[in-house]
Amino acid sequence: MSKENDYAMAQVRRFISESLSLESWDVMHSSDVYRQYLTWAHNAKATRLLCHRALTRRLVLMGFETVRGAGGTRLIRQKGGI
């Protein structure tokens with residue numbers, strides 16, 4: 001892995017542990033997760049931000065999955081969720 005990818009993975013791990021309440025949801029809209037990430041990154045004074053797609057890719061690598069909801073909305077959930 002590159003240093004850039006290491007930094008991004010560490011940032012996403014920190015976002016998950018500090019801001020994404022895993023116990024409180026099974027499924028979230030992908031856009032809501034990204035907005036929550038941007039708020040967290042601003043408060044954490046992150047120097048480099050991930051784009052929506054990069055965040056989603058890294059969440060998938062960390063055990064989440066993407067699914068399509070009603071009307072084709074993009075959702076993210078923990079693997080093994082409903």
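Q: Where is the place of Q11?
A: In this predicted model, Q11 has its place in helix α1.

Q: Why is Q11 called buried?
A: The relative accessible area of Q11 is 6%. Buried means under 20%, so Q11 falls in that class.

Q: What makes the link between the side chains of Q11 and Y37 a polar contact?
A: The two side chains meet at 2.6 Å. The cut-off for a pair of N or O atoms is within 3.5 Å, and the pair of Q11 and Y37 is therefore counted as a polar contact.

Q: With which residues is Q11 in contact, leaving aside its neighbours within four places in sequence?
A: Q11 is in contact with Y37, W40, A46, R48 and L50.

Q: How do you know whether α1 and α2 are parallel or perpendicular to each other?
A: The axes of α1 (residues 3-18) and α2 (residues 30-43) cross at roughly 100° and come within 11 Å. Angles of 65 to 115 degrees count as roughly perpendicular, and the two helices are therefore described in that way.

Q: Which residues of α1 and α2 meet?
A: From α1 come Q11, R14, F15 and E18, and from α2 come V33, Q36, Y37 and W40. Sorted by class, this contact comprises 4 nonpolar, 2 polar and 2 charged residues.

Q: Why is K45 called exposed?
A: K45 has a relative accessible area of 68%. Exposed means over 50%, so K45 belongs to that class. The residue is placed in the loop between α2 and α3 (52-61).

Q: What is notable in the phi of K45?
A: Phi of K45 is near 55°, a positive value in a residue other than glycine. Positive phi values are also found at G63, just after α3, with about 105°, and at G71, with a value near 70°. G71 belongs to the hairpin of β2 and β3, where 5 residues stand between the strands.

Q: Which residues of α3 are buried, and what covers them?
A: The buried residues of α3 are A54, L55, T56, R58 and L59. Their cover includes α1, α2, β2 (64-68) and β3 (74-78).

Q: What makes β1 and β2 the edge strands of the sheet?
A: The open sheet has 3 strands in the order β1-β3-β2, with antiparallel pairing. β1 (27-29) and β2 each pair on one side only, and are the edge strands. On average, neighbouring strands are turned by 35° against each other, direction ignored.

Q: How do you know that β2 and β3 pair?
A: DSSP must find at least two bridges for two strands to pair. β2 and β3 have 5 bridges, in the antiparallel sense, and the criterion is therefore met. Within β3, R74 stands opposite R68, and L75 is the bridge partner of V67.

Q: What makes β1 and β3 a pair?
A: Their antiparallel pairing extends over 3 bridges, against a requirement of at least two. H29 stands opposite L75 in β3.

Q: Where do α2 and α3 lie with respect to the strands?
A: α2 packs on the sheet and touches β1 and β3, its direction making about 75° with that of β1. α3 lies across β2 and β3, and runs at about 120° to β2.

Definitions and conventions. Residues numbered from 1 in each chain as written. Predicted model: local features only at pLDDT ≥ 70, side-chain atom pairs only at ≥ 80, totals over all residues. Heavy atoms only, no water. Axes fitted to C-alpha atoms, helices over the stretch in contact; angles between N-to-C directions. Helix = DSSP H or I, 4+ residues; strand = E, 2+ residues; numbered from the N terminus. Parallel < 35°, antiparallel > 145°, perpendicular 65-115°, else oblique. Contact = heavy atoms within 4.5 Å. Nonpolar A, V, L, I, M, F, W, Y, C, P; charged D, E, K, R; others polar. Buried < 20%, exposed > 50% of the residue type's maximum accessible area, 1.4 Å probe, protein only. Polar contact = N/O pair within 3.5 Å; in protein donor to acceptor, adjacent residues only side chain to side chain.
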